[in-house]
Amino acid sequence: MPATKKISAATVRADFNDLIAVVHYTRAAHKLGLWKSERTLIERFFPDCNASLLEAGCGAGRVTLGLWDLGFRQITAFDFAQDLVDQARSLAIERKAEAIQFLHADATKLSAKRDKLTVPFAGALFMFNGLMQIPGRKYRRAALTKLRAVCAVGAPLLFTTHDRDWSPTERAQWRLETLRWVRGDQDPRLVEFGDRYFSEDEVGRTFMHLPDRKEILEDLAATGWKHGFDALRHDIARESAAVRDFSDECRFWMATRA
Ligand SMILES: C[S@@+](CC[C@H](N)C(=O)[O-])C[C@H]1O[C@@H](n2cnc3c(N)ncnc32)[C@H](O)[C@@H]1O
């Protein structure tokens, strides 16, 4: 029997380039825009609209165009799913935001020289769990390291993760998952404990690593980022039903480049 293939960056990229996912994220970019919590934290941690920002995992441009609407004019946004970048670029043209620079690039391999980035950036964002959609902790750390390399000292990085410990239900589910890993009964496609790979009718297939708080604190420290803030979304803002329908509870993080 052939060995089951582990989820890789190629799996995740193909899932995001899939038509179902492209329609889902494009619709959100056109209709949903920034969540209240995102707007609150962007205004708190990026108070200067003249700052040059780098957005990783921009998808179809939901946050990118939100930044533009908040008055940011020096935005570079990239994603490794080409079909999503094409959608983001087309939305920017439609909204007369052609000054936004879009790139097709992989966060784990980002290079100022190869990707022709004007560095250093005064701030960076990796929103809606994009960082956690990178399979393998060493690759998530590689992305944090590459982002650090193109940011100025003190630059804030805002990102979100899920949180394995956020509710009693989650904790109970992860206790069961622990037993599966101890017995070796986990989904063989998963790379590490904390991974999930699931499918939803209107979103398509999603890979997601769910960390605990300690893991992120360690990853930030190991990659030269200084933890500045973290909080669950419901403690930041009460989101509309549309936002809650689009995205589960998450934890926001802000770290500054050491
Ligand atoms: C959940 S989507 C969020 C998209 C968009 N930021 C939004 O909020 O609608 C996560 C995005 O991260 C991108 N992504 C995942 N891994 C990446 C990587 N290694 N390099 C660049 N983009 C990546 C995916 O292609 C996807 O567009």
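"Buried" here means under 20% relative accessible area, and "partly exposed" covers the range from there up to 50%. Keep that in mind for the close-ups below, which all come from a predicted model.

**Figure 1. Arg233 and Glu249 form a salt bridge between two loops.** Buried or exposed: which word fits Arg233? Arg233 counts as buried, because its relative accessibility is just 4%. Its partner Glu249 is buried too, at 12%. The N and O atoms sit 4.0 Å apart. Arg233 is in the loop between strand 8 and helix 9, while Glu249 is in the loop between helix 9 and strand 9. That puts the two residues 16 apart along the chain.

**Figure 2. Arg137 and Asp219 pair up across two helices.** Their side chains meet in a salt bridge, 2.8 Å from N to O. Arg137 belongs to helix 6 and Asp219 to helix 8, so this pair ties together parts that are 82 residues apart in sequence. Asp219 is buried at 2%, whereas Arg137 is partly exposed at 23%. There's a bigger group here as well: salt bridges with shared partners join Arg137, Arg141, Lys214, Glu218 and Asp219 into one network.

**Figure 3. Arg205 reaches Asp18 in a salt bridge.** How close do the N and O atoms come? The closest ones are 3.7 Å apart. Arg205 sits in strand 7, and Asp18 in the loop between helix 1 and helix 2, 187 residues away in the chain. Both ends are partly exposed: Arg205 has a relative accessible area of 40%, and Asp18 comes in at 27%.

**Figure 4. The whole structure, for context.** A full search turns up 21 salt bridges, including the Arg205–Asp18 pair.

How values were computed. Residues are numbered from 1 along each chain as its sequence is written. This is a predicted model: local features need pLDDT of at least 70, side-chain atom pairs count only at pLDDT 80 or more; totals for chains, interfaces and linings use all residues. Side-chain values use heavy atoms; hydrogens and water are left out. Helices (H or I, at least four residues) and strands (E, at least two) are DSSP runs, numbered from the N terminus. Buried means under 20% relative accessible area, exposed over 50%, partly exposed in between (1.4 Å probe, protein chains only).
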